[in-house]
Structures are given as C-alpha cells and as structure tokens.
Amino acid sequence: MPDGFFIVIEGIDGTGKSTQVARLGAWLTAQGREVVLSREPTAGPWGRKVRESAATGRLSPEEELEYFLNDRREHVEELIRPSLAAGKVVILDRYYFSTMAYQSSRGFDPQEIRKRNELFAPVPDLLLVMDLDVDAALLRIGARGDVANEFEKRENLQHCRDVFLSLREEPFVEVIPCGGSLDEVTELVNQIVSTRLLETRRQG
Ligand SMILES: Nc1ncnc2c1ncn2[C@@H]1O[C@H](COP(=O)(O)OP(=O)(O)O)[C@@H](O)[C@H]1O
Ligand SMILES: Cc1cn([C@H]2C[C@H](O)[C@@H](COP(=O)(O)OP(=O)(O)O)O2)c(=O)[nH]c1=O
C-alpha cells in the first residue's frame, strides 16, 4: 500500500483553489491513486456556524477562532488522519494556514494560531499557495472591491495574501502564480505535485 500523501491548497478567495482541487483530484485518480477531496470550513456543525457568521458577522474574534479550531479537530479525527493512514492522497481546499491568515486580521498573532493548530493538526506534505493580486482575485469572484462578506474585504485579503506569502520559505511550501489561464495553472500544479510525489517515494 502506498503511503498517504497530504496536499493542502491555500490562497485568498478567487485564486482558483476549488477549481484546481477538483482538477488535481481527477488527475491523480486517473493515475490510479485513491484520492479524498475535502474543504474547510467543513459541512459539519462548527463549519456551518462559521459560514453563517460570514453572512451575519455576529461572532466575536475569540468565538470565531474557537469554531474554526473545533471544526478542524473533527475534520482531522474523522477524515484526515484515517484517510492518510489508509494510504490515500488527501487534498484540502483550505486548512489551518487560512486561520493564520484570516483570524490574524482580527487581532491574533499568526504564529500563535499556527502553534495552537499544530498541537492536533498534521502538517501537510505539500502546501500549494495560490497567489494572485487582490484586485484580480476580487474581479474573479465578482466582488469588485465591495464587501461580499466579512472575510472578503479588500484590506483583509491583502493582509491574508501577505500571511500566505510569508510561508514561502518553508520546505513543504510552493507558491503558484495564478494570473495565467486555468490550464496554465493546472500544468504548474501537476508538475509540482508529481515532482514532490516522486521525491517522497525515493525517500521512503
Ligand atoms: N486561472 C484562471 N483564469 C481565469 N479564471 C479563473 C482562473 N481560476 C479560477 N477562475 C475563475 O475564478 C472564479 C473563482 O475560482 P474558484 O476556483 O472558485 O476560486 P477559490 O476557490 O479560490 O475562491 C471561478 O469563476 C473560476 O472559474
Ligand atoms: C478554513 C478557514 C476559512 N476562513 C474563511 C475564508 C473564506 O473567506 C471563508 C469561507 O470559506 P468558503 O465558504 O470555503 O469560501 P470560499 O469558497 O470563498 O473559499 O472562511 C477563515 O476565516 N478561517 C479558516 O480557518
């Protein structure tokens, strides 16, 4: 049985994460890998509450952080760890790097957030940071710089982009420039994933 492999795709809204997660999943499945696709916030009770709050904006910063952590704890226990233990490739659309980015814009220290997550959440084998300037991302999501929801304000997104880019020196991180066409971005993602998968097999 091959070892599990854990891929996370992050980036601000509109960079193309969900599109590329679906494409990457299909590509790896076609190569005979068992693939599990998932996303955060999840469809579970805590995830539903934070999604609702994006529309109503009623959670305090502390509550919001707790809800994301609770959602992730369930996700790790119920899906992420069991799937990796069964040798599957797990691909997530957002993970705790989003908490570092988005909740630090509400006053928390990103490194503190990272520590709290890494107490229970496994570090991915590969983190793809989808990078695009904020104006282009807003155009893609059709928000045109206006308030789409609490998480998508322009100044928040600039802050989030900076936090994501601050991770670029980590050995498990690759930054993907996302200004090109969908197919160009897919090609970059596939190249990086296949190189990393090969390296892992050689080491293992
Ligand atoms: N490279 C790209 N070029 C042009 N449009 C794109 C590209 N990537 C994504 N899009 C479009 O931008 C929108 C947001 O993409 P999506 O995958 O939902 O992003 P995210 O999950 O990061 O919010 C969608 O309409 C998608 O079709
Ligand atoms: C996972 C996560 C997401 N978020 C935010 C980012 C998104 O704007 C918002 C809702 O996620 P989602 O509904 O997946 O939006 P999108 O499809 O645009 O990615 O939740 C956080 O603030 N903290 C987190 O830990």
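This report looks at an annotated binding site and the surroundings of ligand 1. The model is a predicted one.

**The annotated site**

An unreviewed UniProt entry places a "binding site" at Gly 11, Ile 12, Asp 13, Gly 14, Thr 15, Gly 16, Lys 17 and Ser 18. Two of these residues, Thr 15 and Lys 17, are followed here. Thr 15 sits in a loop that runs between β1 (5-10) and α1 (17-30). Lys 17 belongs to helix α1.

Are they buried or exposed? Thr 15 is buried, because it has 27 C-beta neighbours inside 10 Å. Lys 17 has 22 C-beta neighbours inside 10 Å, so it also counts as buried. A residue needs 20 or more to be called buried.

| Residue | Place | C-beta neighbours inside 10 Å |
|---|---|---|
| Thr 15 | loop between β1 and α1 | 27 |
| Lys 17 | helix α1 | 22 |

Contacts come next. Residues up to four places away in sequence are left out for Thr 15. Thr 15 then touches Met 130, Asp 131, Leu 132, Ala 137 and Cys 178. Lys 17, with neighbours within four places in sequence set aside, is in contact with Ile 9, Gly 11, Asp 93 and Met 130. Met 130 is thus a contact of Thr 15 and of Lys 17.

**Around ligand 1**

Which residues come nearest to ligand 1? Of the 15 around it, they are Gly 16, Lys 17, Ser 18, Thr 19 and Arg 140. The elements α1 and α8 (182-203) each give two or more residues to this shell. Helix α1 gives the most, with three residues. By class, the shell holds eight polar, four nonpolar and three charged residues.

Terms used. Residues numbered from 1 in each chain as written. Chains lettered and ligands numbered in written order. Predicted model: local features only at pLDDT ≥ 70, side-chain atom pairs only at ≥ 80, totals over all residues. UniProt positions renumbered as here; feature names shortened; annotations may be inferred. Helix = DSSP H or I, 4+ residues; strand = E, 2+ residues; numbered from the N terminus. Buried ≥ 20, exposed ≤ 12 C-beta atoms within 10 Å, placed from the backbone. Contact = placed C-beta atoms within 7 Å. Near = placed C-beta within 6 Å. Nonpolar A, V, L, I, M, F, W, Y, C, P; charged D, E, K, R; others polar.
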